[in-house]
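Colleague: I am new to this structure and would like a close look at one part, the second largest cavity: what lines it? Please then set that part beside a few other regions, going slowly.

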Amino acid sequence: MIKFILRRTLIMIPQLLLLSLIIFVLAKQMPGDAVTGAFMGNPNATPEQMESIREHYGLNDPWYVQYGNWIGKAVKGDLGQSYTHKQPVTHLLAGRVANTVTLSLFVLIVTYAIAIPLGIIAGRWTDTWADKLIVTYNYFSFATPLFVFALLMLFLFSFVLGWFPSGGSVDVRIETGTWAYYVSKLKHLVLPGMSGALLATFGTIQYLRNDIIDTKLKDFVKTARAKGVPEGKVYTRHILRNSMLPIAAFLGYEVTGLIAGSIFLEMIFSYPGLGQLFIQSITGRDFTVTTAIVMISGTAVIVGTMLSDIILSAIDPRIRIE
Amino acid sequence: MKKRSFLLLASLMLVLSVFLAACSGNDNASGDGKDKGKDKDTDNGTTEKGDDDNKAELDFPLAVSNDKEAMEDGEMTVALVADEPFEGTLSTVFYSVQYDAEIMEYFDEALLDVDGDYLITNEGAATYELSEDNKTLKLKIKDNVNWSDGEPVKTSDLLYSYQLLGHPDYVGDRYGFMIENIEGMPAYHEGKTKEISGIKIIDEKNMEFKFTEATPSILSGFWSNATPRHHVGDVMTGEVTMKDLESSDKIRVNPIGFGPYKVDKIVPGESILFSRNDDYWRGKPALKSIVQKVVSSATIVESMKNGDVDLATIPADQYLTVKDVDTLELLAKVDLSYTYIGFKQGKWDAKKKENITDPNAKMASKELRQAMWYAMDNATIGEKLYHGLRFPGTTLIIPVFESFHNKEIEGRPYDPEKAKELLEEAGFKDTDGDGIREDQNGEKLVINFASMSGGETAEPIAKAYMQNWADVGLKVELVDGRLHDINAFYDMVENDDPKIDIYQGAWGTGSDPDPSGTYGRTDSFNMTRWTSEKNDELLKQGTSEKAFDLEYRKKVYDEWQEYMFEEVPAIPTVYRYKLKGVNKRVVNYDIDPASETRLYEVGVSE
């Protein structure tokens, strides 16, 4: 097991290097740079200033020199300076990561909290009213675009009913660190979180339901029943253990989506996070930030996949890798 | 009620789909004044304008009508309408995005106030006096002006701004002509000296500036924003480095100023809490606190309707949804910007640092350019796509500069017949009978048009213009067959990509009417590359010492506008209005720069 994790971690290094190279080159291929668009509407800017800023940030160097400089610092943990935000990228990201992770974790937890029970119910009592209702919800959630649904939630629960605030991550009037502060944070989290979670349940419910239906008919389940194992135990001990496998494997991939997956939610609910920063950095040609975020989500993908493999081998002895 | 709610929801969704479409780029106009490309479609306008006369008739008021007393200790919520977090570089020296300026407005102000023409006055926290030869400016800071931490605002704080702006390590866009025009500034900027010889500190409250060149731009562009040296740390003594300063918490987390309010708390990227600055030099501010927060363009109208937000800039495309909300009042004024069509007529010579006009350029015919203007139906575009909130431009100096905008010129209203006539006369005839005009030599004429993507109106506008031109027999095609995002667009236009013959751009004018930065011979931002000796002459006269005489300056600019109207290196297509939505409970709010009402008087009535 340790050997396996070690091997996977070692493979990660060239993977990330390659990723960074591709991203860097692609980013540089975009027409214009951080200075081009930002300066054009500004009557106070002069061409000389633009040139001196390009010089200052090394934007005039050939791409391999820029890449060399960047990677040299990156391995030391310095991701460079953001051109538009005028602060170190690491500093900038730190502020946003917390929000994105909080939001994504909330979404993830709620998703599982909803999806697993629903999947089990639908799988166990197939073709009942409950099952049909769940399946309908499932198709509905699959078909609804997130931004439409999020707006609907916002409209209903914030503007009509007034239960939750319409945007932001916390009320600025409340003193940081107090109990009320955390309550306010949670209140701001519910609406974007629920909007995301209610639509994210599709995969899990569908997988779980199908797998349970499938497993129900397997010989070992029949055997268990024939032995006189009570129905409840048949499900918890025999069927679920098998059916949860693909869900557990999925967890790793879900982590992947945590980083940049909430762009729409962040935009609609004015929730400052990585997703928005990512879009902003691309339109503004803020290369250092773009590269840094791609690197982070790239790392998350690689780690997520590894996590999936580890979970799988931990719970399923059959596919343990030696 | 139900039905109405649904309608609201539907409009919300519509708006959202628009902003999703727009999220890939900025508005086709890349911003105004100091705010650059960051503003989306936040420009706006008045409802109606006279039919054929191209002058704007403001139907919106400039000030709120609520004349009740402001309540004691009220709180007001101000929205920053944005689909992204604000950056939060809260320093006049370092900031780069308009949103940050909108925040700073509440806790910081320039030492010198300005009037309706954006010229400096003696009504602010400091007074000035200009010497006979207009080369020396004496500045005196009033006695009761203190930073919000209690320290007095000193002359050394204003000097500090200049020391930062001119610093060899300064990375930003504010080291412009007005800073460089201080005597000794270039030497300091190159790192040759540690002192700026042209700035003399007499005592804590009195100082003197010496200029290299006497120009009326001093009156509109003089920098008077101080930087609290004691608070942010001194770069000159090595207490802090330039790089650390621009990312410092003293600027981003707990900035101070001497404005009517002080920053209590900032939630990075989303909101700011201000409280009253009891020590404000003009008097006691009316509100106890102000909450300023980012509200997405998709929800701003709803937020204003239900009273979550008292004050906001309303995006142009949502005008129809706010028009009839009875809790709101709409104010509007002409924005400091305009959209234009530029005709490429040459190249920038980077070695000589000047524009070289090519007399044989495809767009070199003056009549062709004039005809293209006549062929454009800007009134309809303003009417249909902006609900009448944008209106046809007439000259290259916008009407905001009341004293300098030439009202005699009425632009070239839509007149396709006249366009055809002009083209015929100039020899652009359809010689092979395919309905498309050939050039004077009988060669096929295809004009390549570059335009920016972003916003839901970019594509229809480009298509409408192309149709307009096709109607008079001119074949105009989009460069690469599509629109380009702002960076790609300016990359091509600035570097004189031979693919481009004409392009649609926008300029923020800043507060100085002097247009030489965008039409001068030695300025690379003159992207049409059109030059002429008469133009050089007029632009020079406009900023000469003689031009301190307003009458003279007006005469020069009148003549310049007439000349540009005749030559048409660029067509001013539309002027815009900026629309503010204000809750009816707000009192003493006025967006007229000429108004006597100041920000500290703004209050709420209930």
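Modeller: Before the lining can be sorted by class, a convention is needed: Ala, Val, Leu, Ile, Met, Phe, Trp, Tyr, Cys and Pro count as nonpolar, Asp, Glu, Lys and Arg as charged, and the others, Gly among them, as polar. The model is a predicted one, and a search of the whole of it finds 10 cavities of 30 Å³ or more. The second largest of these cavities holds about 140 Å³ of space, and its lining is made up of 17 residues, with B:Leu90, B:Ser91, B:Thr227, B:Pro228 and B:Val232 lying nearest its centre. Sorted by class, that lining consists of 11 nonpolar, 4 polar and 2 charged residues. Two helices of chain B, H7 (229-232) and H9 (249-252), each supply at least two residues of the lining.

Elsewhere in chain B, the largest nonpolar core has 103 residues, and the members that touch the most others are B:Ile300, B:Ile341, B:Met372, B:Phe449, B:Trp469 and B:Ile502. Strand E11 of chain B, residues 328-343, gives the most to this core, namely 9 residues. There is also a second, separate core of 51 residues, which includes B:Ala126, B:Ile141, B:Tyr175 and B:Leu245.

A single strand residue can be followed in the same way: B:Thr136 is found in strand E4 of chain B, residues 136-141. Because its relative accessibility is 15%, and buried means under 20%, B:Thr136 counts as buried. Leaving out residues up to four places away in sequence, B:Thr136 touches B:Glu129, B:Leu130, B:Ser131, B:Glu208, B:Phe209, B:Lys210 and B:Phe211.

Chain A offers a helix whose length can be checked, H9 of residues 202-216: at 1.5 Å a residue its 15 residues should span 21 Å, and since its end C-alpha atoms are 21 Å apart, the two values agree. Among the buried residues of H9(A) are A:Ile205, A:Leu208, A:Arg209, A:Ile212 and A:Lys216. Two of these return in the surroundings of A:Arg124, a residue of helix H5 of chain A, residues 89-124: apart from residues up to four places away in sequence, A:Arg124 touches A:Ile212 and A:Lys216, along with A:Glu231, A:Gly232 and A:Tyr235. A:Arg124 and A:Asn210 are 86 residues apart in sequence, yet 10.0 Å apart in space from C-alpha to C-alpha. A:Arg124 counts as partly exposed because its relative accessibility is 25%.

Definitions and conventions. Residues numbered from 1 in each chain as written. Chains lettered and ligands numbered in written order. Predicted model: local features only at pLDDT ≥ 70, side-chain atom pairs only at ≥ 80, totals over all residues. Heavy atoms only, no water. Core = buried A, V, L, I, M, F, W, Y, C linked by side-chain atoms within 4.5 Å. Buried < 20%, exposed > 50% of the residue type's maximum accessible area, 1.4 Å probe, protein only. Helix = DSSP H or I, 4+ residues; strand = E, 2+ residues; numbered from the N terminus. 1 Å grid on protein atoms, 1.4 Å probe; cavity = no way out; pocket = protein on both sides within 12 Å on 5 of 7 lines; lining within 4 Å. Points joined across faces, edges and corners; volume = space filled by probe spheres on them. Contact = heavy atoms within 4.5 Å. Expected span 1.5 Å × (residues − 1).
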